[in-house]
Amino acid sequence: MSTLNIRPVVAADIPRLKAVIATSDLFPPDLLDDMITPYLAGKDESIWLTGEEDHPTFVAFCAPEQMTEGTWNLYLIAVYSGLQSKGYGRQVMAYLENLLAEQGARVLLVETSGLPEFERTRSFYHQCSYTEEARIRDFYKEEEDKVVFWKSLQER
């Protein structure tokens, strides 16, 4: 695995980002347009990152949590399916955590599903030293919990 060239997203990246999202099965790629518009217009504080090797590699998106001081929420991290389990996700998380810490952020939260098919995702966050902080039963739908992971960005 090589080191990724991680950089902020620009409008020209959108087709590439949609390809990454399509391989992850997180949500329909067409939803990206509405999600990223405020960032591209400079109307919010969110952070969108991407990078590539020979083709699309990843997309990450986080934003400050409303009504908090220094708490951010990671809403999206996706690595192109053919490149998963090669350490790219951990590189992106470390980069993002360092970037946020340098900006004074205190905490990064991540939310995911409690369904068995998300065990690999939850394991990834544990490997990145996140603590399972909360589990909200039946959050997404009946018998699908929301699992919230927490990490201090100041204790690094």
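Me: How many aromatic pairs does a search of the whole structure find?

Reply: Seven aromatic pairs turn up. Keep in mind that this is a predicted model.

Me: Why is the pair of tryptophan 48 and phenylalanine 61 called stacked?

Reply: The ring centres of tryptophan 48 and phenylalanine 61 are 4.2 Å apart and the planes sit at 15 degrees. Centres within 6.5 Å make a pair, and planes under 30 degrees apart count as stacked, so this pair is stacked.

Me: What makes that pair a link between distant parts of the chain?

Reply: Tryptophan 48 belongs to strand β2 (residues 47–52) and phenylalanine 61 to strand β3 (residues 56–64), with the two 13 residues apart. Tryptophan 48 and phenylalanine 61 are both buried.

Me: Which residues form one aromatic cluster with Trp48 and Phe61?

Reply: Tyr39 and Tyr75 join them in one aromatic cluster.

Me: Why are phenylalanine 139 and tyrosine 140 called edge-to-face?

Reply: Their ring centres are 5.0 Å apart, with the planes at 90 degrees. The cut-off for edge-to-face is over 60 degrees, so phenylalanine 139 and tyrosine 140 qualify.

Me: How do you know whether phenylalanine 139 is buried, exposed or in between?

Reply: Its relative accessible area is 42%. Buried would need under 20% and exposed over 50%, so phenylalanine 139 is partly exposed. Tyrosine 140 has 39% relative accessibility, so it counts as partly exposed as well.

Me: What makes lysine 146 a charge over the ring of phenylalanine 139?

Reply: The charged end of lysine 146 lies 4.0 Å from the centre of that ring and sits over it. The distance limit is 6 Å, and there's an angle condition too: within 35 degrees of the ring normal.

Me: On to the helices. How do you know where the buried residues of α1 lie around the axis?

Reply: Helix α1 (residues 14–24) has Ile14, Leu17, Lys18, Val20, Ile21 and Ser24 buried. These cover an arc of only 160 degrees around the axis, so they lie on the same side of α1. Just after α1, aspartate 25 takes a positive phi of about 60 degrees.

Me: And what puts the buried residues of α4 on the same side?

Reply: In α4 (residues 119–127), Arg122, Phe124 and Tyr125 are the buried ones. Their arc around the axis is only 150 degrees, which puts them on the same side of α4. Arg120 and Gln127, on the other side, are exposed.

Me: What covers the buried residues of α4?

Reply: The cover includes β4 (71–79), α3 (88–102), β5 (107–113), β6 (131–141) and β7 (144–152).

Terms used. Residues numbered from 1 in each chain as written. Predicted model: local features only at pLDDT ≥ 70, side-chain atom pairs only at ≥ 80, totals over all residues. Heavy atoms only, no water. Phe/Tyr/Trp six-rings, centres within 6.5 Å; stacked < 30°, edge-to-face > 60°. Helix = DSSP H or I, 4+ residues; strand = E, 2+ residues; numbered from the N terminus. Buried < 20%, exposed > 50% of the residue type's maximum accessible area, 1.4 Å probe, protein only. Arc of directions from axis to C-beta. Contact = heavy atoms within 4.5 Å.
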